[in-house]
Every structure is written in C-alpha cells, then in structure tokens.
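Subject: Structure handover

Hello,

Here is the structure we talked about. Please open it alongside this email, and my notes follow below.

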Amino acid sequence: MSADTKYLLETRHLKKYFNTPRGLLHAVDDVDLAIRPGQTLGVVGESGCGKSTLGRAVLRLLEPTSGEVLFDGEDVTKMGKPELKQFRNRAQIIFQDPYASLNPRMTVYEIIAEPLVAGHLRKSSAELEHDVFQMMDTVGLAARLVNAYPHELDGGRRQRIGIARALVLQPQFIVCDEPVSALDVSIQAQILNLLMDLQRDRGLAYMFITHDLSVVKHISDEIAVMYLGRCVERGPAKAIFANPLHPYTQALLQAIPVPNLSRRGMRREILKGEVSSPIDPKPGCRFAARCPKATDACRGQDVQLTDRGGGHFCACLAD
C-alpha cells in the first residue's frame, strides 16, 4: 500500500478467532485491506471463508481478537463509547436478509427514524418526518408505504428500507453484507444500480461482501479474495479478472457460468481434495490441500501477500 495515498479505512493484521469445543477457530486471520473514499472493495470467497465476520469486525459489531482497524486515521479497536458512537454515525451496514434484519413490529417510518431517534439527532418531530420522507424518496420507496410493516412488502422494498436505515445518518462508509443474494435476479439489478447511484451522488465507500463474482465485477474498484480466513489475492478488479494469479481465484473465475454455446467445450479446472479445517490450522497455505500446483514449500510456512506489480497482491509460491 502506498504511504502517500489517503485511505478512508484500513485493516492491519486484523484477526478474529472464536473459541470452540475443538479449539480456536480462525475466522479472520491476519487480513490487511484498504478502501479509498468513494470506492468499493469487493470481498469474495466461498461460504465460511470469513467474509461476513470481517465486515462485522471492521465495524466492531464483533470485537477483533487483535490487529488494527483505522478509520480516517483513528484506530476503531481502541475507541471508547463516546468515540465509538461517533464512528457509528459514519460507518453503517446493510444486512443480507432484509426480512430478518427489520423489526416486524415497527413500521417503515419507525425503522428509518430509529437511528435518528436513538442518537437524539433531530430537535423536532417535523425535522424527523422530513428526513424520513426524504430518505424514502432517495431509495425509491413510495410515501404511501410509510405506515406499512415489513411483512406487507416484497424483498426488494424491504432491502430498500435497510438501505434507507443505513443512509439516514449520512455515513461515509457502508459494509454491504451480500445485500442482493436473497433477492430475485431482476430485483438484484435494481438494488445494485441504486447502490452505485448513491455512491456516485454521496461519495460513499463500500465494502461489498458477496460470493457472486459477476456482481463483484459490476460494482467493485478493487477485489479481495478470501479463503478460510486469509486474504489470498487482492488488487484492482480489472487486473484480477484479466489475470488471476492465485489458483483459488482462477478456480472461482472458471466457475462463472458463460452464456455462450460456442464455449461449451471450454476446459474448466475442477477443485479436488478436502477443505482444510479453520480450527487451529497448521502453518502453510490453507488452499494447499486442494491446489493442483501445491508443493512441500506451500505446507511448511504461512504464505504472505506479495506485490506482483500495479497494486496486485497474491499469496502464492507457485508461478
């Protein structure tokens, strides 16, 4: 990472471990990331790789085990309650399931107004009402739905409520935790376009967590690929799609369906072998058990990210 580049958010050696009956689960293990203002970092990987845990640890919804989370130069992990409250106004999250993340006993108005009410950020009910209706209009919710309950709405409208709730505090940074994976394909496109429009208009920075590479290609400036808690490749989105360096990234890209009958015979690398356990993992590349290029050197020591040029980093010993 360039020392003279201004980042809105950085993680340095960020770790989040969980105690289990079988040992220590390394959900996020020594992850370094950086996001510039107004840009999107896509975080991709299989289910269970630690993507969502990373997003929650960055916001301190889960307390990191160790490491630093720098937001505008301040370490979030060392903030007390007053500083953390201010941080919450500047960094928000959009959850994966728009139904599970909304209080079924609250109306659309109450859900969007709740962050402002809890923070005592508006002096009068008139100001509060103005902001709620303005936010509904911003995310494409009709004013007639103001007294509706979540169960009365479809998935797309529920997710718009979640987006409005995140935006109402005027944040600079939003963790988007698979915000379209629970929606129909046609609705996914609408929500993605809305998020991109909001980013353009408000200068928002996103950490966009997803397992769908076609989505991350559409929305991301940079991409970080995770495997069993480790970041195995990171770089500009165009570079990663044009020249994936890590065997795991290559396998992910080859798994994308290609709607072209002339490419039906295209050779695809099918991963074999068992997924390593993230509980007390042994030193070495965690992908080695499934990697066709693995050697003994891959299994004896942890493999660190190295710069391959142009800000494209890869944690792999094979060339």
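At which residues does UniProt place the feature "domain: ABC transporter"? The record, an unreviewed entry, puts it at residues 9-253. Bear in mind that this is a predicted model. The end C-alpha atoms of residues 9-253 are 27 Å apart. Helix makes up 38% of that span, and strand makes up 27%.

The sheets

There is an open sheet of eight strands. Its order is S6-S7-S8-S3-S9-S10-S12-S11, and its pairing is mixed. S6 and strand S11 (306-307) are the edge strands, each pairing on one side only. S11 runs antiparallel to strand S12 (residues 313-314), and two bridges join them. Asp307 has Phe313 in S12 as its bridge partner.

Another open sheet has four strands, in the order S2-S1-S4-S5. Here the pairing is antiparallel. Its edges are S2 and strand S5 (74-75). Each has a single partner strand, so one side of each has no neighbour in the sheet.

S1 and S2 run antiparallel and are joined by nine bridges. One bridge partner pair is Asn19 with Leu24 in S2. A hairpin of two residues links S1 to S2. On the S4 side, strand S1 (residues 9-20) pairs with strand S4 (residues 66-71). That pairing is antiparallel too, over five bridges. Leu9 has Phe71 in S4 as its bridge partner.

Helix H5

How far apart are the end C-alpha atoms of helix H5 (residues 155-167)? They are 18 Å apart. At 1.5 Å a residue, its 13 residues should span 18 Å, so the two agree.

H5 is largely enclosed by the rest of the structure, because 11 of its 13 residues are buried. Among the buried residues are Arg158, Arg160 and Arg165. Gln159, Ile161, Ile163 and Leu167 are also on that list. So are the glycines Gly156 and Gly162, and the alanines Ala164 and Ala166.

What do the buried residues of H5 pack against? Three helices are involved: H3 (108-118), H4 (125-138) and H6 (185-202). Two strands join them: S6 (91-94) and S7 (173-177). S6 is also an edge strand of the eight-stranded sheet.

Look at the start of H5 as well. There, a side-chain oxygen of Asp154 comes within 3.3 Å of the backbone nitrogen of Gly156.

Ser52

Ser52 sits in helix H1 (residues 51-58). With a relative accessible area of 25%, Ser52 is partly exposed. Leaving out residues up to four places away in sequence, Ser52 touches Asp177 and Ile209. The C-alpha atom of Ser52 is 17 Å from that of Ile163 in the model. Along the chain, Ser52 and Ile163 are 111 residues apart.

Positive phi

Two residues are worth a look on the backbone plot. Asp30 is not a glycine, yet its phi is positive, near 60 degrees. Asp30 lies in strand S2 (residues 23-35). Its relative accessible area is 22%, so Asp30 counts as partly exposed.

Glu178 also has a positive phi, near 45 degrees, and is a residue other than glycine. Is Glu178 buried or exposed? Glu178 is buried, at a relative accessible area of 9%. Its place is in the loop between S7 and H6.

Cysteines

How many disulfides does a search of the whole structure find? The count is zero. Why is there no bond at Cys291? The closest cysteine sulfur, in Cys316, is 5.8 Å from the sulfur of Cys291, which is too far. Cys314 gives a similar picture. Its sulfur is 5.0 Å from the closest cysteine sulfur, again in Cys316, and that is too far for a bond. A disulfide would need the two sulfur atoms within 2.5 Å.

Cys291 counts as buried, at 16% relative accessibility. Cys314 is buried too, with a relative accessible area of 1%.

Over to you.

Best wishes

Notes: Residues numbered from 1 in each chain as written. Predicted model: local features only at pLDDT ≥ 70, side-chain atom pairs only at ≥ 80, totals over all residues. Heavy atoms only, no water. Expected span 1.5 Å × (residues − 1). Buried < 20%, exposed > 50% of the residue type's maximum accessible area, 1.4 Å probe, protein only. Contact = heavy atoms within 4.5 Å. Polar contact = N/O pair within 3.5 Å; in protein donor to acceptor, adjacent residues only side chain to side chain. UniProt positions renumbered as here; feature names shortened; annotations may be inferred. Pairing = 2+ DSSP bridges.
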